[in-house]
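Work through these exercises with the structure open beside you. Try each task before you read its solution.

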Amino acid sequence: MLAERYERQIALPEIGEAGQARLLASSALVVGCGGLGSTLLYCLCGMGVGRIGFCDGDVVSASNLNRQFLYTPADVGRKKTEAAHKRLRAFAPEPTLEPLDAFVTPDNAPSLVSRYDVVLLAVDAIPARLAVNHACVEAGVPLVDAGVDGFHGSLFTVRPGKTACLGCLYSASAPEQPAVPSFAPIVSVVASLQAQCAANILLNLPNPTDGRMLLFDGAAMATEFVTIARNPRCPICGK
Ligand SMILES: [Zn+2]
């Protein structure tokens, strides 16, 4: 059953039996179970990552349903992690699923991220992204950050000690963003690319977003890479 489940990806020369074994022995943490998190979690379960953590302190609302494929109208008002756990368990019985019904904070981020091989950031708020970034830089855990705003998306991989980090890019005093417009096709494209970055990292394949920000323009269906230099005055990685 297991071998058959993964046969179409084992057929990829970049994966093969050895790569599949590696994925099954690996772990990933998804921070945020919204639009990006929904597609990300399905991709991680689908590819057979062996242990998958996911955290979110929110409940499902009706305005989530246009893009957050983990949830149905019957889930409105339920805890996201609880509904996601049920749906993912039905989709893929094999991975160890580790839900955490909490928002990420500077207090809980260090103990959370250090237990995983790769961390995927799928939240809007800059302070939460910086807290996770700080913990990942300290623990040496690779981090893939993604963001969407309407028809636009971005993707960036932090390799602690080697590339720029989110602290080189964003300021802790950045003004709070209002709820951004979100459209399912764009959110899913960006989350799928983010899942591919996770696969690249776990399988030790070339990862084009290491230290380079991928900008996706969904209206033009165009991509562009921007190299991000390390900031020697970065409060997190500049020491
Ligand atoms: Zn930095």
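## Exercise 1: A cysteine and its surroundings

C168 has 21 C-beta neighbours inside 10 Å, so C168 counts as buried. The model is a predicted one.

Task: place C168 in the fold and find which residues it touches.

Solution.
- Step 1. Locate the residue. C168 sits in helix α8, residues 166-169.
- Step 2. Look for contacts, leaving out residues up to four places away in sequence. C168 then touches I228, R230, N231, C234 and C237.
- Step 3. Check the distance to A229. The two C-alpha atoms are 8.1 Å apart, while C168 and A229 are 61 residues apart in sequence.

## Exercise 2: Buried or exposed?

Task: decide whether A229 is buried or exposed.

Solution.
- Step 1. Find A229 in the segment after β8.
- Step 2. Count the other C-beta atoms within 10 Å of A229: there are 9.
- Step 3. Apply the cut-off: a residue with 12 or fewer is exposed. A229 is therefore exposed.
- Step 4. Add a distance. A229 and T163 lie 7.5 Å apart, C-alpha to C-alpha, with their positions 66 residues apart in sequence.

## Exercise 3: Reading the sheet

Task: write down the strand order of the sheet and name its edge strands.

Solution.
- Step 1. Follow the strands across. The order is β3-β2-β1-β4-β5-β6-β7-β8.
- Step 2. Describe the sheet. It is open, has eight strands, and its pairing is mixed.
- Step 3. Find the strands that pair on one side only. These edge strands are β3 (96-100) and β8 (222-227).
- Step 4. Look at the twist. Neighbouring strands are turned by 15° against each other on average, direction ignored.

## Exercise 4: Parallel and antiparallel pairs

Task: sort four strand pairs by sense, and give a bridge or facing partner for each.

Solution.
- Step 1. Take β1 and β4. They pair in the parallel sense over four bridges. A28 has V118 in β4 as its bridge partner.
- Step 2. Move to β4 and β5. They run parallel and are joined by three bridges. L121 stands opposite D145 in β5.
- Step 3. Trace the connection. From β4 the chain passes through helix α7 (residues 126-139) to β5, and this β-α-β crossover is right-handed.
- Step 4. Take β5 (residues 143-149) and β6 (residues 152-158). Seven bridges pair them in the antiparallel sense. The bridge partner of A146 in β6 is L155.
- Step 5. Finish with β7 and β8. They run antiparallel, with six bridges between them. F216 has T223 in β8 as its bridge partner.
- Step 6. Inspect that hairpin. Four residues lie between the strands, and M221 takes a positive phi near 50°.

## Exercise 5: Covered and uncovered strands

Task: contrast the burial of β4 with that of β8.

Solution.
- Step 1. Check both faces of β4. V118 and L120 are buried on one side, and V119 and L121 are buried on the other.
- Step 2. Check β8. The count of buried residues among its six residues is zero.
- Step 3. Conclude. Both faces of β4 are covered, whereas β8 is hardly covered.

## Exercise 6: A helix across the sheet

Task: test whether the end-to-end distance of α9 agrees or disagrees with its expected span.

Solution.
- Step 1. Place the helix. α9 (residues 184-202) lies across β1 (27-31), β4 (118-121), β5, β6 and β7 (212-217). It runs at about 170° to β5.
- Step 2. Work out the span. At 1.5 Å a residue, the 19 residues of α9 should span 27 Å.
- Step 3. Compare. The end C-alpha atoms of α9 are 27 Å apart, which agrees.
- Step 4. Check burial. Of the 19 residues in α9, 14 are buried, so by the cut-off each has 20 or more other C-beta atoms within 10 Å.
- Step 5. Look past the end. N204 follows α9 and has a positive phi near 60°.

## Exercise 7: The whole chain

Task: judge how compact the chain is for its length.

Solution.
- Step 1. List the secondary structure: nine helices and eight strands.
- Step 2. Compare two radii. The radius of gyration is 17 Å, close to the 18 Å that the globule rule gives for 239 residues.
- Step 3. Conclude. The chain is therefore as compact as a globular protein of that length.
- Step 4. Add the burial. Buried residues make up 43% of the 239 residues.

How values were computed: Residues are numbered from 1 along each chain as its sequence is written. This is a predicted model: local features need pLDDT of at least 70, side-chain atom pairs count only at pLDDT 80 or more; totals for chains, interfaces and linings use all residues. Two strands pair if DSSP finds at least two bridges between them. Helices (H or I, at least four residues) and strands (E, at least two) are DSSP runs, numbered from the N terminus. Axes are lines fitted to C-alpha atoms, for helices over the stretch in contact, and angles run from 0 to 180 degrees between N-to-C directions. Two residues are in contact if their C-beta atoms, placed from the backbone, lie within 7 Å. A crossover is right-handed if, with the strands pointing away from the viewer, the path from the first strand over the helix to the second runs clockwise. The expected span of a helix is 1.5 Å times one less than its number of residues. The radius of gyration is taken over C-alpha atoms; the globule rule is 2.2 Å times the number of residues to the power 0.38.
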